[in-house]
Amino acid sequence: MRAIIATPDADPGYRPDEVPEPVAGPDQVLIDVEHVSVNHGEVRYARAFPSGAVLGHDAVGRVLRAAETGAGPRVGAWVVALGAGAWANRVAVDVDAVAEIPSGMDVAELAVLPTVGVTALRALRSTGPLHGRRVLVTGASGGVGRIAVQLARGVGAEVIAVVGSASRAAGLASLGANEVVVGIDAIDDEVDVVVETVGGVVLPAAWRLLSPGGVLHSIGWASGEPATFPVNSTFAFGAARSLRSFGDVTSPGEDLAHLMDLVRKGALRAPVGWRGSWRRLDEAAAALLGRRVAGKVLLDVD
Ligand SMILES: NC(=O)c1ccc[n+]([C@@H]2O[C@H](COP(=O)([O-])OP(=O)(O)OC[C@H]3O[C@@H](n4cnc5c(N)ncnc54)[C@H](OP(=O)(O)O)[C@@H]3O)[C@@H](O)[C@H]2O)c1
């Protein structure tokens with residue numbers, strides 16, 4: 001079958017190639033992949049994957065073989081999945097990492113949801129009730145950011161979206177941001193929760209804005225720059241603030257089903273910012289890392 005594999009020793013760190021079909025375990029479904037999405041880290045750090053590993057994590061397709069255990073979706077069902085090796089004609093995914101797509105939905109766009117959707121959902125949900133709280137989303141123009149803005153607003157938070165330039169603000173107000181701000185230094189008022197995806201100078205600047213008792217979720221480091229915290233800035237007089245790392249997208253099936261349900265109800269828009277054939281991965285990756293994609297890259301496995 002065709003797949004995109006990691007090439008740690010050659011630019012850009014991946015290439016299309018012929019690889020053996022995956023062998024599904026007893027608790028896995030084999031999926032005939034139709035659409036995939038590209039995550040920031042998958043192309044930026046492709047060279048960090050083992051040579052020959054099939055890249056990608058987010059897929060939509062039809063079940064070609066059901067799990068031997070009898071769990072999970074039946075043969076022929078359309079599913080959305082989060083599993084390693086997604087950029088391929090076929091992928092084997094654990095049954096607890098897939099969710100069946102309800103009939104009548106646009107299946108293609110759902111491929112952008114798995115990694116960024118489960119990430120934003122789990123980070124926000126772990127914070128506790130958000131109604132009436134001020135939630136700051138950095139890198140709001142990106143994949144995690146566009147989902148976080150919508151989910152936070154959807155549960156009644158006041159959402160402040162931070163972008164890097166005026167052109168990157170497009171569409172965020174219509175997704176639910178109460179304020180869209182160019183550059184974090186333009187913000188003065190405290191926030192209760194931060195969804196932080198940029199790192200570098202943005203991380204300590206967001207920490208400075210965090211209210212007593214507040215939580216900063218450090219989800220990503222899209223800037224690729226180190227952060228320096230001012231001396232004494234991490235101890236508290238009064239209620240402590242939390243800086244939490246995030247990295248748990250295991251067993252995401254139920255959360256994938258929840259995210260799809262929000263899309264079906266019109267409460268969440270799948271943030272497709274670029275769509276094309278997976279043969280155009282180079283072009284798509286350059287646009288994503290060049291900050292020219294409003295949301296996610298969706299690739300058709302044609
Ligand atoms: N912990 C986890 O499990 C997890 C899960 C998903 C993603 N992540 C990480 O979270 C981060 C965001 O992911 P994403 O999918 O939202 O990425 P994305 O779609 O590429 O968005 C990242 C945003 O960061 C901003 N940015 C600032 N400096 C940048 C730079 N030098 N290069 C590129 N973007 C820059 C850009 O906004 P402006 O152009 O408006 O400045 C961009 O829209 C990435 O580091 C990713 O690896 C982690």
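For the protein chain of 302 residues, a compact globule would have a radius of gyration near 19 Å, and the chain has 19 Å, so the value agrees with that expectation. The model is predicted. Along the principal axes, the C-alpha atoms fill a box of roughly 55 × 40 × 35 Å.

**Overall composition**

The protein chain contains seven helices and 15 strands. Of its 302 residues, 53% are buried. The accessible surface of the chain amounts to about 13200 Å², and carbon and sulfur atoms account for 52% of that area. Contacts between residues at least 6 apart in sequence were also classified by separation: 67% of them join residues at least 24 apart.

**The six-stranded sheet**

An open sheet of six strands is present, with parallel pairing and the order S10-S9-S8-S11-S12-S13. Its edges are formed by strand S10 (179–182) and strand S13 (242–245); each has a single partner strand, so one side of each is left without a neighbour in the sheet. On average, neighbouring strands of this sheet are turned by 20° against each other, direction ignored.

Within the sheet, strand S8 (residues 134–137) pairs with strand S11 (residues 191–196) in the parallel sense, over three bridges. In this pair, Val137 stands opposite Val195 in S11.

Which strands does helix H5 lie across? Helix H5, residues 202–209, lies across S8, S11, S12 (210–218) and S13. Relative to S12, helix H5 runs at about 150°.

**The surroundings of Gln28**

Gln28 belongs to strand S3, which covers residues 28–38. Two polar distances involve the side chain of Gln28, as tabulated below.

| Partner of the Gln28 side chain | Distance |
|---|---|
| Gly25, backbone nitrogen | 2.8 Å |
| Asp94, side chain | 3.0 Å |

The distance to Gly25 thus concerns a backbone atom of that residue, whereas the polar contact with Asp94 joins two side chains. When residues up to four places away in sequence are not counted, Gln28 touches Val23, Ala66, Ala67, Ala92, Val93, Asp94 and Val95. Asp94 therefore appears both among the residues touched by Gln28 and as a polar partner of the Gln28 side chain, a polar contact being a pair of N or O atoms within 3.5 Å.

Notes: Residues are numbered from 1 along each chain as its sequence is written. This is a predicted model: local features need pLDDT of at least 70, side-chain atom pairs count only at pLDDT 80 or more; totals for chains, interfaces and linings use all residues. Side-chain values use heavy atoms; hydrogens and water are left out. Two strands pair if DSSP finds at least two bridges between them. Helices (H or I, at least four residues) and strands (E, at least two) are DSSP runs, numbered from the N terminus. Axes are lines fitted to C-alpha atoms, for helices over the stretch in contact, and angles run from 0 to 180 degrees between N-to-C directions. Contact means heavy atoms within 4.5 Å. A polar contact is a pair of N or O atoms within 3.5 Å; within protein, one must be able to donate a hydrogen and the other to accept it, and residues adjacent in sequence count only if both atoms are side-chain atoms. The radius of gyration is taken over C-alpha atoms; the globule rule is 2.2 Å times the number of residues to the power 0.38. Buried means under 20% relative accessible area, exposed over 50%, partly exposed in between (1.4 Å probe, protein chains only). Accessible areas come from the Shrake-Rupley method with a 1.4 Å probe; for residues, only the protein chains shown count as cover.
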